[in-house]
Amino acid sequence: MFVFDRKQDIYNIGKVKVGGQPGECATVLCGTIFYAKHYLVEDADKGIFDKKAAEDVLNKQDEFSDLTGNPCMMQIFSESPEAMEKEIAFCTEVSDTAFLIDSTVADAKVAGLKYVDEVGLTDRAVYNSINISCAPEELEAIKESSIEAAIILAFNPKDSTVAGKIDLLETGAGTFDKGLVQLARDMGVTKQMCDPATLPIGAGVGSAVASGFVVKSKFGISVGLGIHNAPSAWTWLKTFRKEHATKGASGWEGLGADVFHICDIASNIIPVIAGQDFVLYGPIENAQTVFPLVGMADMIVSEANKAEHEIEAQEPHPITTMGA
């Protein structure tokens, strides 16, 4: 394994620690709830959902977090300002862990910012994300809020290489007059979680993984990926899944579904082995398979770096929770 010469930041977001040298803090796992077509959502715009089913998946993520020692966050994905407030209120009542304010709708995310400020949840909140698509009004809302934690999305549509991502973080890559790291700091975001932006296999995912080394080396901030999106967009895998699908009592199943599921879940260990700090692992209902797998990878990294670099794991960590 390896360590970084630069001092690595460790952030406390609510009760969750994220960052540090490989093997120092357990990988933080973020499961998405209320995503598009999520089975428990009844009306995405109005924020109406099956509360019992939502509580079950949130509790299951917390259960496996306790079981493995991997901290968790709730990635709350909302379709509207109305839904955002309702869904944050519900999730934070069920679980006391940290959460991501996430949406494809800027107004929904801004509504989330205002809501967490009003009700005193800012210390547990992470804004997702600061990126090149942010309008001045959205950036101003982040600056006016009291939020300290945000994901910085290093997606550079002009250059998906490591150099392109670093250019965006350092200089703004011609979109902003300063790099996203400094821009975020100027807005009060001192707890920075960089997502190098997962692209499909064959279209840049390798650079997304590789850029994590450079981001941590240059800036010392935490890094992570939503790496499960790479196999989900993999043309070969989608074709194989379709060609080897069989109709069962509970829907489409068989070899194609099994292979897809294995690739989807297994992809989440790639950022861990690459020395990254958090994983956006996708649907929250996958917690029971993702957490033990990532916990195992964390144990391997921690064992290596303790032996080779005298890095001690901070609790909670799978090396102590799952090591017996």
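**Figure 1. Thr289 is partly exposed, with a relative accessible area of 33%.** In this predicted model, Thr289 belongs to helix α12, the helix that runs over residues 287-309. Once residues up to four places away in sequence are set aside, Thr289 touches His261 and Ile265. The 33% figure for Thr289 falls in the partly exposed class, because that class lies between the limit for buried, under 20%, and the limit for exposed, over 50%. A further reference point is Ile262, which is separated from Thr289 by 27 residues in sequence and by 9.8 Å in space, taken from C-alpha to C-alpha.

**Figure 2. The whole chain, with its helices and strands.** The predicted chain contains 13 helices and 14 strands. Its radius of gyration is 19 Å, close to the 20 Å that the globule rule gives for 324 residues, and the chain is therefore as compact as a globular protein of that length. The C-alpha trace spans about 55 × 50 × 40 Å along its principal axes. Of the 324 residues, 54% count as buried, and residues 24 or more positions apart supply 70% of the contacts that have a separation of 6 or more.

**Figure 3. The surface of the chain and its charges.** About 13,900 Å² of the chain is exposed, and 53% of this area comes from carbon and sulfur atoms. The chain carries 26 positive and 46 negative charges, and the mean positions of these two sets are 3 Å apart.

**Figure 4. The largest nonpolar core and the surroundings of Ile33.** The largest nonpolar core has 78 residues, of which Ile33, Met73 and Leu169 touch the most other members. Helix α12 (residues 287-309) gives the most to this core, contributing six residues. A second, separate core is made up of seven residues, among them Val205, Val209, Ile227 and Ala230. When residues up to four places away in sequence are not counted, Ile33 touches His38, Leu40, Ala54, Val57, Leu58, Gln75, Ile76, Phe77, Cys91 and Ile284.

**Figure 5. Ile101 is buried in strand β7.** Strand β7 covers residues 98-102 and includes Ile101, whose relative accessible area is 0%. Apart from its neighbours within four places in sequence, Ile101 is in contact with Ile76, Met84, Ile88, Lys109, Gly112, Leu113, Val116, Ala125, Val126, Tyr127, Asn128 and Ile147. His228 may be used as a distant marker in sequence, since Ile101 and His228 are 127 residues apart along the chain, with 19 Å between their C-alpha atoms.

**Figure 6. Two cis peptide bonds.** The peptide bond that leads from Asn128 to Ser129 is cis, with omega near 15°, and Ser129 lies in strand β8, which covers residues 125-130. The peptide bond from Glu315 to Pro316 is also cis, with omega near -5°, but here Pro316 is placed in the loop between α12 and α13 (318-321). Asn128, on the N-terminal side of the bond to Ser129, also appears among the residues in contact with Ile101.

**Figure 7. Lys37 and Ala197, residues with positive phi.** Lys37 has phi near 65°, a positive value in a residue other than glycine, and is found in the loop between β3 (28-33) and β4 (41-43). Ala197 likewise has a positive phi, of about 80°, although this residue is not a glycine, and its place is in the loop between β10 (191-195) and α7 (205-219). As to accessibility, Lys37 counts as exposed at 85%, whereas Ala197 is buried, with a relative accessible area of 7%.

**Figure 8. Gly174 is an exposed loop residue.** The loop that holds Gly174 lies between α5 (162-171) and α6 (180-186). The relative accessible area of Gly174 is 72%, and the residue is therefore classed as exposed, for which the limit is over 50%. Ile132 is 42 residues from Gly174 along the chain, and the C-alpha atoms of the two residues are separated by 10.0 Å.

Conventions. Residues numbered from 1 in each chain as written. Predicted model: local features only at pLDDT ≥ 70, side-chain atom pairs only at ≥ 80, totals over all residues. Heavy atoms only, no water. Helix = DSSP H or I, 4+ residues; strand = E, 2+ residues; numbered from the N terminus. Rg over C-alpha atoms; globule rule 2.2 N^0.38 Å. Buried < 20%, exposed > 50% of the residue type's maximum accessible area, 1.4 Å probe, protein only. Contact = heavy atoms within 4.5 Å. Areas by Shrake-Rupley, 256 points an atom, 1.4 Å probe, with all protein chains shown as cover. Lys, Arg positive; Asp, Glu negative; His and termini not counted. Charge placed at Lys NZ, Arg CZ, Asp CG, Glu CD. Core = buried A, V, L, I, M, F, W, Y, C linked by side-chain atoms within 4.5 Å.
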